[in-house]
2 protein chains.
Amino acid sequence: MTTLAGRGSSPTLDEVAQLAGVSRATVSRVVNGSPKVRPEARRAVEEAVAQLRYVPNPAARSLVTRRTDTIALVLSESNTQVFSDPFFARVVRELSAALADTDLNLVLLAARGEREQEKVARYVRQGHVDGVILMSLHREDTLPAVLAEARVPLVLSGRPLDGHSVCYVDADNTGGARDATAHLLGGGRRRIATISGPQDMIAGIDRHAGYRAALEGAGIAPDPALVTAGDFTEAGGARAMAALLERAPDLDAVFAASDAMAVGALRTLRDAGRSVPGDVAVVGFDDAAAAATTDPPLTTVAQPLDEMTRHMTDLLLRQVEGDAGVQARVCPTRLVVRASA
Amino acid sequence: MTTLAGRGSSPTLDEVAQLAGVSRATVSRVVNGSPKVRPEARRAVEEAVAQLRYVPNPAARSLVTRRTDTIALVLSESNTQVFSDPFFARVVRELSAALADTDLNLVLLAARGEREQEKVARYVRQGHVDGVILMSLHREDTLPAVLAEARVPLVLSGRPLDGHSVCYVDADNTGGARDATAHLLGGGRRRIATISGPQDMIAGIDRHAGYRAALEGAGIAPDPALVTAGDFTEAGGARAMAALLERAPDLDAVFAASDAMAVGALRTLRDAGRSVPGDVAVVGFDDAAAAATTDPPLTTVAQPLDEMTRHMTDLLLRQVEGDAGVQARVCPTRLVVRASA
DNA sequence: GACGGCCGTGAAAGCGCTCTCACGACCGAT
DNA sequence: ATCGGTCGTGAGAGCGCTTTCACGGCCGTC
């Protein structure tokens, strides 16, 4: 019957009930906002809660409710730093904004490398979270399959590479890239190069496909000299642009599969003495913050990130509620025309 | 007595015990790796566990152990994107590496803005995690005080601004900046400018203090024209460098309080036709990945990030174990001399 | 004035786990 | 043989909470 000193023994429902002169059940009702409590009882409980600084024990609670009221955003990345990606930062922001009004908590789980992925998988399978939103970037990643097989409510951010039947939300990467390239064509450009993203990432693949589709639609045969693979980084974009200029000095436009790469390309072009958009028109992808402040401001493809995260949370919560239907949402992109093309 | 279909009803300890022909207690012992189990009993349990795909319920477990076996890295940031900061990405990586061999899980909690900070505070106070490592960047941030007051095991990454008595680990920012500046002095530079970090962040303050201390030590009076405030970003560094060149065209060296700013400064210097290190020597801070690949490679101050994260986890785990002593660790930095100075 | 209905409440049964404690089996020492 | 000791095991008591169920008090209705 000893009271542990200091930290450790936080007050329980019973103690609150005793102080308020009611039963555990009533306290529980008040804490959980049940309407079936007499106002004066409610007040008494609220006072006791405040006085004791009572905080419900989530372990005890979720033991009976079978809910944890938290969802995880897991970042599965073989080795590189997803965190540095501003796109990811925006997803996190939108996501926590979307959950701000709910009583759901959001935790981020980083799974770099095999061991960490296993740890994350265990964490999730144990039931620490009610559901997960998974950003898995590369083809070889096994986490999507593992989590799907564990029957955890799951939404993928980005279309799954292997076409597995799993719930996902993505931007219309192909359509966006097609629009971007079509815009270039509409501006009279004919020697349109591309700095594409990694071809083991769906965004890289789809954006490249959109570029090709637009060219084909215009009856232009693809020229391998006009295609380089970047890595979605600024430095990579700069390098790729240099390679492109060397291989195809006559190019008159570039579609970069990400704004970061477009920024790098812009720099290389300036260093090479090519004017933008005079000599070379440039279009990026993402509508990153940086796109508006480049010189010249970058024409780019915007993804409806708020809409996408809303869909993700909707689809996830629906699964958490028990809806088993696998659904997908592909959100339309929007071409943001600035000065670079 | 109905068995819920599909997901939901995972097997319990009892079912495993029944299948293995032993008691709950024995299964628990096996699952938790207790040595006091006869090999054959152990084997029977392991088989049953595998067959039933048993995963322990963490809520039930932590209800009795009063442990969650997870710690949180919380990022408290008023509005900007911490995530884009490569420094943060490295901390995350080192941290999860440090925890890889333990059975502790790491979750990241993002607390941008007041509402989210409250949510995070509630999450932590409820006991969802055993302890927290807190990266709080700005002065006005209330989370450190709130969490400290909640008596949650807590380690701050970075010296607290208000000098509150709380456990923290930091690099010797002042010493590192002093060394960097001294290196510049040792190279014969006398008009040494600085692009300092935000003065509401401890790293910004301390690095600036180190710069001044070195100058004073050399008997050089500080010149306000040689001081600009940056914001730790590359773009900010570029702008600051431009301002510096305008105000003090005769400067012969720059100490930038972060590598990102140094990279921006390098670009501005090149655009302005100043050679590095010929006309202007440049030193950065952080030893970011980018520092090695700039032109010229950047002399910079490296923080012992692995050592720092090890200290953080050590100090945190010690608190989790019950050690109440407030301690701090300030880790020495190391000057990495490359070509820029 | 009796009665069915509703409302606020409390008693109590778990949720799935850990861990103490007691107990029987077996060992070597006496 | 007898004994103290160790070892593996199981029964059972909770951990703090939610939630069903039953119950007493009160309402309006006939």
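How many residues surround DNA strand C, and which are the closest? There are 25 of them, and the closest are Ser23(A), Ala41(A), Leu13(B), Ser28(B) and Ala60(B). Here, a residue is near a strand if its C-beta atom, placed from the backbone, lies within 6 Å of it.

Some ground rules first. This is a predicted model, in which local features need pLDDT of at least 70 and side-chain atom pairs count only at pLDDT 80 or more, while totals for chains, interfaces and linings use all residues. Residues are numbered from 1 along each chain as its sequence is written, and chains are lettered from A and ligands numbered from 1 in the order in which they are written.

**Around the DNA**

Back to strand C. Helix H2 (24–31) and helix H4 (58–65), from chain A and from chain B, are the elements that give two or more residues to the surface near it. Helices (H or I, at least four residues) and strands (E, at least two) are DSSP runs, numbered from the N terminus. H4(B) gives the most to this surface, with five residues.

Now for DNA strand D. Of the 25 residues around it, Leu13(A), Ser28(A), Ala60(A), Ser23(B) and Ala41(B) come nearest. For strand D, H4(A) gives the most, again with five residues.

The table sorts each surface by class. Ala, Val, Leu, Ile, Met, Phe, Trp, Tyr, Cys and Pro count as nonpolar, Asp, Glu, Lys and Arg as charged, and the others, Gly among them, as polar.

| Surface | Nonpolar | Polar | Charged |
|---|---|---|---|
| Near DNA strand C | 13 residues | seven residues | five residues |
| Near DNA strand D | 13 residues | seven residues | five residues |
| Side of chain A that touches chain B | 17 residues | ten residues | eight residues |

**How the two chains meet**

The last table row brings us to the protein–protein contact. It takes 35 residues from chain A and 35 residues from chain B, where two residues are in contact if their C-beta atoms, placed from the backbone, lie within 7 Å. On the chain A side, H4, helix H5 (86–99), strand E2 (105–112) and helix H6 (113–125) each supply at least two residues.

How are the two chains related? A rotation of 180° with 0.0 Å of shift along its axis superposes chain A on chain B, with an RMSD of 0.1 Å. That is the relation of a two-fold axis. The superposition is by least squares on the C-alpha atoms of residues with pLDDT of at least 70 in both copies. The same surface serves both copies, too: 100% of the contact residues of chain A recur in chain B.

**Inside the protein**

A residue is buried if 20 or more other C-beta atoms lie within 10 Å of its own, exposed if 12 or fewer, and partly exposed in between, with C-beta atoms placed from the backbone. A nonpolar core is a set of buried Ala, Val, Leu, Ile, Met, Phe, Trp, Tyr and Cys residues joined through C-beta atoms within 7 Å. The largest one has 82 residues, and Val132(A) and Val132(B) have the most contacts inside it. Not counting residues up to four places away in sequence, the contacts of Val132(A) include Ile71(A), Val124(A) and Leu154(A).

Helix H8 (residues 173–186) of chain A is mostly covered, with ten of its 14 residues buried. Among them are Asn173(A), Arg178(A) and Leu184(A). Its end C-alpha atoms are 20 Å apart, which agrees with the 20 Å that its 14 residues should span at 1.5 Å a residue; the expected span is 1.5 Å times one less than the number of residues. Just after H8(A), Gly188(A) takes a positive phi of about 90°.

In chain B, Ile205(B) sits in helix H9 (residues 202–217). Why does Ile205(B) count as buried? Because 20 other C-beta atoms lie within 10 Å. Ile205(B) is 31 residues from Thr174(B) in sequence, and their C-alpha atoms are 8.5 Å apart in space.

**Odd spots in the backbone**

Most residues other than glycine have a negative phi, and most peptide bonds are trans. Here are some exceptions. The bond from Asp295(A) to Pro296(A) is cis, with omega near -5°, and Pro296(A) is in the loop between strand E9 (281–283) and strand E10 (300–302) of chain A. In chain B, a cis peptide bond joins Asp295(B) and Pro296(B), with omega about -5°.

Arg66(A), which is not a glycine, has a positive phi near 60°. Arg66(A) lies in the loop between H4 and strand E1 (70–77) of chain A and counts as partly exposed, with 15 C-beta neighbours inside 10 Å.
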